[in-house]
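Please find below a colleague's note on the model under review. The points are numbered for ease of reply.

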There are 2 protein chains.
Amino acid sequence: MTAHVHPHLTKNQALVFGSLTEAEGPLTAYAILDHLRDSGFRAPLQVYRALDKLVEYGLVHRLESLNAFVACSHSGCASHKSAAFAICDTCGQVVEFSPDEAIDLLTNWTQDRGFQLSKTTIELRGVCQKCAAAN
Amino acid sequence: MTAHVHPHLTKNQALVFGSLTEAEGPLTAYAILDHLRDSGFRAPLQVYRALDKLVEYGLVHRLESLNAFVACSHSGCASHKSAAFAICDTCGQVVEFSPDEAIDLLTNWTQDRGFQLSKTTIELRGVCQKCAAAN
DNA sequence: AGTAAACGTGTAATAACATTACACGGGTGC
DNA sequence: GCACCCGTGTAATGTTATTACACGTTTACT
Ligand SMILES: [Zn+2]
Ligand SMILES: [Zn+2]
Ligand SMILES: [Zn+2]
Ligand SMILES: [Zn+2]
């Protein structure tokens with residue numbers, strides 16, 4: 001359960017993580033599969049298995065509203081409790097940030113009600129400044 | 001674009017909304033389809049079209065982390081800016097609440113960066129008090 | 001009345017996302 | 001050797017969502 005700063009990555013995990021870090025944006029599991037066909041990937045499960053581990057290690061986040069995955073911006077997310085994402089619906093850019101105060105408020109809400117929180121999903125959809133300026 | 005308090009529902013919309021209000025919990029589109037076979041539903045699109053409108057009217061919310069839909073707890077969500085959901089992974093119960101302070105903080109973050117926010121998703125996964133007490 | 005636009009509907013086909021099941025191989029500890 | 005854990009390969013299947021095309025009703029304008 002302890003978060004490792006430098007977990008050992010298997011071959012498949014390293015390939016999937018590489019795809020995501022090169023991408024500079026979110027990728028779906030099937031997009032990753034397509035990128036890795038030349039590296040020998042054949043089936044979705046190879047991608048999903050690697051993603052499961054990478055998410056567990058905190059190296060990758062799943063974007064629920066996109067059914068996609070993105071490399072963590074902080075090279076290992078042990079540093080912050082929980083992440084939030086601002087997603088541009090025009091250009092696809094994703095910005096990860098750590099709204100600690102907001103998360104504290106949400107956490108307090110759960111604690112007041114005896115709800116045992118295991119995962120927080122915060123995703124903001126909209127249009128980024130750059131795209132908004134470009135009209 | 002104006003939110004109507006009592007939008008007129010078509011036959012299919014009323015059937016789908018009825019399924020969700022009776023359910024007392026989230027349903028997937030295909031679960032709704034199964035419930036409504038006796039009422040003449042035959043294809044997923046009939047459900048998705050109705051859900052699109054119901055979400056637009058604020059009568060129904062989509063839970064991104066569950067790929068499911070739930071009736072709004074406030075009989076028309078015009079009252080609150082944005083909703084959050086606490087979802088029990090054990091019993092499936094969903095509690096909708098309105099963390100206005102947390103949402104203000106997130107909204108301020110976006111405004112500071114010129115991000116034009118259109119939709120906020122906040123979903124908390126965990127175990128509810130009742131299920132935690134039952135061990 | 002004619003007719004065009006907007007909207008809801010019905011159906012089939014397909015696309016996109018995710019999991020289950022089974023088999024195999026390499027290590028580690030006994 | 002042998003059991004155990006873990007990662008892997010592959011096929012099949014399950015689940016969620018969309019595209020495409022056709023039809024009918026209502027409204028509004030001419
Ligand atoms: Zn992160
Ligand atoms: Zn953008
Ligand atoms: Zn609501
Ligand atoms: Zn529960």
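The points below treat the basis of the model, the chain symmetry, a surface patch and a backbone feature.

1. This is a predicted model, in which local features need pLDDT of at least 70, side-chain atom pairs count only at pLDDT 80 or more, and totals for chains, interfaces and linings use all residues. Residues are numbered from 1 along each chain as its sequence is written, chains are lettered from A, and side-chain values use heavy atoms, without hydrogens and water.

2. A turn of 180° with a shift of 0.0 Å along the axis lays chain A on chain B with an RMSD of 0.0 Å (least squares on the C-alpha atoms of residues with pLDDT of at least 70 in both). The two copies are therefore related as by a two-fold rotation axis. The copies meet through the same surface, because 100% of the interface residues of chain A are also interface residues in chain B.

3. Tyr30(A), Leu45(A) and Tyr48(A) make a nonpolar surface patch of about 300 Å² (residues with over 30% relative accessible area and no salt bridge, nonpolar side chains joined within 5 Å; areas by Shrake-Rupley with a 1.4 Å probe). Leu45(A) belongs to helix H3 (residues 44-57) of chain A (a DSSP run of H or I, at least four residues). Leu45(A) counts as partly exposed because its relative accessibility is 47% (buried is under 20%, exposed over 50%, partly exposed in between).

4. Asn67(A) is not a glycine, yet has a positive phi of about 50°. Its place is the loop between strand E1 (60-63) and strand E2 (68-71) of chain A (strands are DSSP runs of E, at least two residues). With a relative accessible area of 38%, Asn67(A) is partly exposed.

5. In chain B, Asn67(B) has a positive phi of about 50°, and lies in the loop between strand E1 (60-63) and strand E2 (68-71). Asn67(B) is partly exposed, at 37% relative accessibility.

Key:
Patches are made of residues with over 30% relative accessible area and no salt bridge: like charges are joined within 9 Å, nonpolar side chains (Val, Leu, Ile, Met, Phe, Trp, Tyr) within 5 Å. A salt bridge is a side-chain nitrogen of Lys or Arg within 4 Å of a carboxyl oxygen of Asp or Glu. Buried means under 20% relative accessible area, exposed over 50%, partly exposed in between (1.4 Å probe, protein chains only). Contact means heavy atoms within 4.5 Å.
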